[in-house]
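Please open the structure in the viewer and keep the selection tool at hand. The tour proceeds by selecting a few residues at a time and stating what is found there.

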Number of protein chains: 2
Amino acid sequence: MFRGNHPTRVDEKGRLKVPAEFKRRVDELYGPQFFITSKDGKRAELYPMKEWERIEDALAKAPSSGAKKKFLDVTNYYGQVVEMDAQGRLLIPQLLREDATLAGDVAVLGMQTYLVVANDAKHRAQLAENPLTDADIDALGVVGI
Amino acid sequence: MFRGNHPTRVDEKGRLKVPAEFKRRVDELYGPQFFITSKDGKRAELYPMKEWERIEDALAKAPSSGAKKKFLDVTNYYGQVVEMDAQGRLLIPQLLREDATLAGDVAVLGMQTYLVVANDAKHRAQLAENPLTDADIDALGVVGI
DNA sequence: ACCACTTTCTTCCACTTCTTTCCACTAAGA
DNA sequence: TCTTAGTGGAAAGAAGTGGAAGAAAGTGGT
């Protein structure tokens, strides 16, 4: 389970420093390979290879549909297999770097099974624009929040 | 069950001293790990790790929804796993320290299953601005209040 | 078609900065 | 006075960063 925000940076070469905590977990649970992609072109999603393969398997079994084709189209357009080096850095494909403006300060968010990489300022602005309301929380119906 | 207000301080390094009473309860009921996060960026919420995991599980089972996505986006943006040291202090992430102005005197409030950490003066002002009304209390439908 | 040169990519080393942990002192309450 | 809570700070270790050297891929010319 990945959780929380680990602020980090993308250097001028386009390398993302995977925060040490996430790196440790990935090292022990998965290999150094990831599938980096995006569903909206606005922020990158980083799946440990094994997780992505699990999703692919589930999709392969699903009946053919427009939604499936669309999903494959988008995720494979932005997608690429990337590998962490010994220093815990990985090269973000140029296309994603441009579309998701991944340079300088970025937020790496744990989203349970995968990680989200977002431009910090943009993500912040998006949260401010669309805040979490009491009604949202009530809608979840979870006790003790 | 956490209850009451235990005023404490955040030092210049951003370390929150967990009041001894809360520390004792946490030590016996839970481990030293917490998930610290925020829903509005204005005050921090401190969940014993086990409590937070319970919420995560409940969320994982809930059907996909906008409210759920928003909730994960916000809580993981502000969130971080933190650990108390032997002296009962824990480091508040920079982002939260800034947004929620957690420095100097703060109030630690027991909110049943979790703790709230708020800038004392700000919290006071907010209560004054938005007081508890008879209508609020009636809406609870609890006998004997 | 092959060779050589150029350019880009990748990996690894070494330095710097920040974080974390732990020790010791101060203050307050019993 | 003794014990427990709270505070500050220094030292050791870990994390982050830049860059240089080696490898690989691409390009052009003979």
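Are A:Phe35 and A:Trp52 buried or exposed? Select the two residues in this predicted model. A:Phe35 is buried, and A:Trp52 is buried as well.

**First stop: aromatic rings in chain A**

Over all chains, a search of the whole structure finds 14 aromatic pairs. A:Phe35 and A:Trp52 form an aromatic pair of the stacked kind, with 4.7 Å from centre to centre and 25 degrees between the planes. This pair counts as stacked because its planes are under 30 degrees apart. Now colour the elements that carry these two rings: A:Phe35 lies in strand 3 (residues 33-37) of chain A, and A:Trp52 lies in helix 2 (residues 49-61) of chain A. The two residues are 17 residues apart, and their pair links distant parts of the chain.

Next, add A:Tyr47, A:Phe71 and A:Tyr114 to the selection; together with A:Phe35 and A:Trp52 they form one aromatic cluster.

**Second stop: a tyrosine pair in chain B**

Move to chain B and select B:Tyr47 and B:Tyr114, both of which are buried. Their rings form a stacked aromatic pair, 4.6 Å centre to centre, with 20 degrees between the planes. B:Tyr47 belongs to strand 4 (residues 44-48) of chain B and B:Tyr114 to strand 8 (residues 114-119) of chain B, so the pair ties together parts that are 67 residues apart in sequence.

**Third stop: where the chains meet**

Display both chains. How many residues does the contact take from chain B and from chain A? The contact takes 28 residues from chain B and 26 residues from chain A. The size of an interface is often given as the accessible area lost when the parts come together. Here chain B and chain A bury about 2500 Å² between them, and 59% of that area is on carbon and sulfur atoms. Select B:Lys70, B:Asp73 and B:Tyr77: these supply 28% of the area that chain B buries against chain A, more than any other three residues.

Across the interface of chain B and chain A there are five salt bridges. To see a salt bridge, select A:Arg3 and B:Glu53, whose side chains meet at 3.9 Å, N to O. The interface also holds 15 residue pairs in polar contact, with both residues at pLDDT 80 or more.

Finally, highlight helix 2 (49-61), helix 3 (66-78), strand 5 (80-83) and helix 4 (94-99) of chain B; each supplies at least two residues of the side that touches chain A. Helix 3 of chain B gives the largest share of that side, ten residues. By type, the residues on this side of chain B divide into 15 nonpolar, four polar and nine charged.

Note on methods:
Residues are numbered from 1 along each chain as its sequence is written. Chains are lettered from A and ligands numbered from 1 in the order in which they are written. This is a predicted model: local features need pLDDT of at least 70, side-chain atom pairs count only at pLDDT 80 or more; totals for chains, interfaces and linings use all residues. Side-chain values use heavy atoms; hydrogens and water are left out. Rings of Phe, Tyr and Trp (its six-membered ring) pair if their centres lie within 6.5 Å; planes under 30 degrees apart count as stacked, over 60 as edge-to-face and the rest as tilted. Helices (H or I, at least four residues) and strands (E, at least two) are DSSP runs, numbered from the N terminus. Buried means under 20% relative accessible area, exposed over 50%, partly exposed in between (1.4 Å probe, protein chains only). Contact means heavy atoms within 4.5 Å. Buried area is the accessible area (1.4 Å probe) that two parts lose on being put together, summed over both. A salt bridge is a side-chain nitrogen of Lys or Arg within 4 Å of a carboxyl oxygen of Asp or Glu. A polar contact is a pair of N or O atoms within 3.5 Å; within protein, one must be able to donate a hydrogen and the other to accept it, and residues adjacent in sequence count only if both atoms are side-chain atoms. Ala, Val, Leu, Ile, Met, Phe, Trp, Tyr, Cys and Pro count as nonpolar, Asp, Glu, Lys and Arg as charged, and the others, Gly among them, as polar.
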